[in-house]
Amino acid sequence: NSTQGLASINALVTLLDSRTGVPLAILDGNWVTAERTAGLSAVAAKRLARPDAAIIAFIGCGVQARSHLHAFAALFPLKEVWVLGRGAASREAFCREVEHMGLQAMMPRTSQEAIQKADVVVTSVTLSPQLRPFLDARWLKPGAFVTMTDLAAPWLADSLSFLDRIIVDDIEQEASAARPLVDPKLIVGDLTGLVTGTVLGRSTSEERTAFAFRGLALGDLAVAGLAYQRACAGSQGARVND
């Protein structure tokens, strides 16, 4: 798709009336995915990242990077944004968006330089059979938080034990997966436990924490339903006649 100027992933979400099955709305699935993923990361970050986080690093400069940039800028006093991506066009466009928001865009020479000073790291590397892990958790500074939107695929598996706390989105979903995101022994809980307080969030300023997740279909439904309700309340969207 990228050679044709298209997004790598494209989708539509059809929202149905749960009582009748009648279609209510068709939504842009790319937007829903971007907002849902950044929303999950933000929920985790509020409990796992340092509240004074000022430096953020992005490994990957696509749709997820942009949605996370806006979500995290609303949560933390960001100042510097370190940007590393394979595509020059997407990298430059992302840097322009960073600067438009009044933040400083930094261009590292290596992946280690990109993350070693960061308070928050967002990885959204496009998955492919050719992808080989290239990020080492041992490069992270004390107090860093990482959100891994890419199934933790770019991270060296043997380095993840260096993290003090790893949270997943759903323990049951993770337990039933054919291939685990990370070593199950490293997982301390899931997002529900983190929100309800049954799972401990950040406990010291020096802890290195991470949120590794696959995404939940329930999250897509929640975002799509809320968008539909707000569109109806604001008389937005285009009505399709019967």
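In this predicted model, helix α2 lies across four strands, namely β3, β4 (80–84), β6 and β7 (145–148), and runs at about 165° to β3.

The strands under discussion belong to a bigger arrangement. Eight strands make up an open sheet, and reading across it gives the order β5-β4-β3-β6-β7-β10-β8-β9, with parallel pairing. At the edges sit β5 (104–106) and β9 (187–190), each of which pairs on one side only. On average, and ignoring direction, neighbouring strands of this sheet are turned by 20° against each other. Take β3 and β6 from the middle of that order as an example: β3 (residues 55–59) and β6 (residues 120–123) run parallel and are joined by four bridges. Within this pair, A57 has V121 of β6 as its bridge partner.

Back to α2, this time with its helical partner. Two packed helices are described by the angle between their axes and the distance between the axes. Here, the axes of α1 (residues 29–48) and α2 (residues 63–73) cross at roughly 45° and come within 9 Å. That angle makes α1 oblique to α2, and the crossing is right-handed. On the α1 side, the contact is made by T33, A34, E35, T37, A38, S41, A42 and A45, while α2 brings in V63, Q64, S67, H68, A71 and F72. Sorted by character, the residues of this contact come out as seven nonpolar, six polar and one charged.

Put together, α2 touches on both parts of the picture: α2 lies across β3, β4, β6 and β7, and α2 also makes a contact with α1.

Key:
Residues numbered from 1 in each chain as written. Predicted model: local features only at pLDDT ≥ 70, side-chain atom pairs only at ≥ 80, totals over all residues. Heavy atoms only, no water. Axes fitted to C-alpha atoms, helices over the stretch in contact; angles between N-to-C directions. Helix = DSSP H or I, 4+ residues; strand = E, 2+ residues; numbered from the N terminus. Parallel < 35°, antiparallel > 145°, perpendicular 65-115°, else oblique. Left-handed = near helix turned anticlockwise from the far one by under 90°. Contact = heavy atoms within 4.5 Å. Nonpolar A, V, L, I, M, F, W, Y, C, P; charged D, E, K, R; others polar. Pairing = 2+ DSSP bridges.
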